[in-house]
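Okay, thanks everyone, I'll keep this short. I'd like to walk you through the ligand site in this one, so let me put it on the screen.

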Amino acid sequence: MTKLTLDRILQSQGYGTRKYCRGLIEDGEVTIGGEVVTDYKAAFDTEGLEFTIFDETWLYREHVYIVLNKPANFECSRKPSHHPGVLTLLPEQFTWRELQPVGRLDHDTTGMLLMSDDGPFIHAQSSPKRHVPKVYVATTHEPVTPELVAQLLEGVQLHDEPAPLAAQTCRMLGANQLEIVLEQGKYHQVKRMLAAAGNHCSALTRVAIGELTLASLNLQEGEWAYLDAAQLALLKPSDAIS
Ligand code: URA
């Protein structure tokens, strides 16, 4: 059991500095178990703790693991330059908690974006050694041909890479649409691979990571959800997929 004082609890959950959190508590903004708590030194077991702040109820979480259905025209960078950042789509306390994207999507790419404040998780999940398959659906400018699919499966040379990069799997979905699965996450990889194979990517969406699919999450673009333990377990490397 971990017992923490209420000011520390709120600070850990991203509500601001300890001083600011004390002010919120003293102003009667925090309710626990139906009672307004105004003593910031009151201590609570954090396990399963629910608190209501500004009329919204939250569960205490040591770390946050979320998935966002990213819309186009949002940047994954912490210091976005041309479009709003993805953090603007999330509750403000996640910015304070320093949530970071697990691997980036381009500003015009849509779909599944994992975010967390758990450094080792982010590192492990984005490590190229982990071989977590990422599934993309690409819309192409020129029609998809069997030759294009074959080229992407065989490997294409990108000019700043030492060796050709190949799709793990690739299949045609429609006249101008293909599904491509990559284990790496190089800069603009899908777009550059399609360009290197003589086509052009006009729209891109990430539809799955490991065995976790965007479709299973029922999120509209711009919506997000916490990932539970079962969903996190689906984010596995391909050699672990049965
Ligand atoms: N490949 C790309 O080209 N862009 C992305 O956003 C992700 C993969």
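**Around the ligand**

So, the residues of the shell around the ligand split into 4 nonpolar, 3 polar and 2 charged. Keep in mind that this is a predicted model.

Who are they? Going along the chain, we have Leu105, Asp106, Thr109 and Tyr136, then His188, Gln189, Val190 and Lys191, and finally Leu204. If you're looking for the element that gives the most to that shell, go to helix 6, residues 189-196, which supplies 3 residues.

Now the domains. Domain 2, that's 65-128 + 212-240, and domain 3, 133-209, each put at least three residues into the shell.

Okay, polar contacts. On Thr109, a polar side-chain atom sits 2.9 Å from an oxygen atom of the ligand. With Gln189 we're looking at the backbone: a polar atom there is 3.4 Å from a ligand oxygen. And then Val190, where a backbone N or O atom lies 3.1 Å from a nitrogen atom of the ligand.

So how much of the ligand does the protein bury? On its own, the ligand exposes 230 Å², and the protein buries 96% of that.

And which pocket is this, if you're scanning the surface? The ligand sits in the largest one.

That's my tour, happy to rotate the view.

Terms used:
Residues numbered from 1 in each chain as written. Predicted model: local features only at pLDDT ≥ 70, side-chain atom pairs only at ≥ 80, totals over all residues. Heavy atoms only, no water. Near = heavy atom within 4 Å. Polar contact = N/O pair within 3.5 Å; in protein donor to acceptor, adjacent residues only side chain to side chain. Areas by Shrake-Rupley, 256 points an atom, 1.4 Å probe, with all protein chains shown as cover. 1 Å grid on protein atoms, 1.4 Å probe; cavity = no way out; pocket = protein on both sides within 12 Å on 5 of 7 lines; lining within 4 Å. Sits in = over half its atoms within 2 Å of the grid points. Helix = DSSP H or I, 4+ residues; strand = E, 2+ residues; numbered from the N terminus. Nonpolar A, V, L, I, M, F, W, Y, C, P; charged D, E, K, R; others polar. Domains from an automatic or database assignment.
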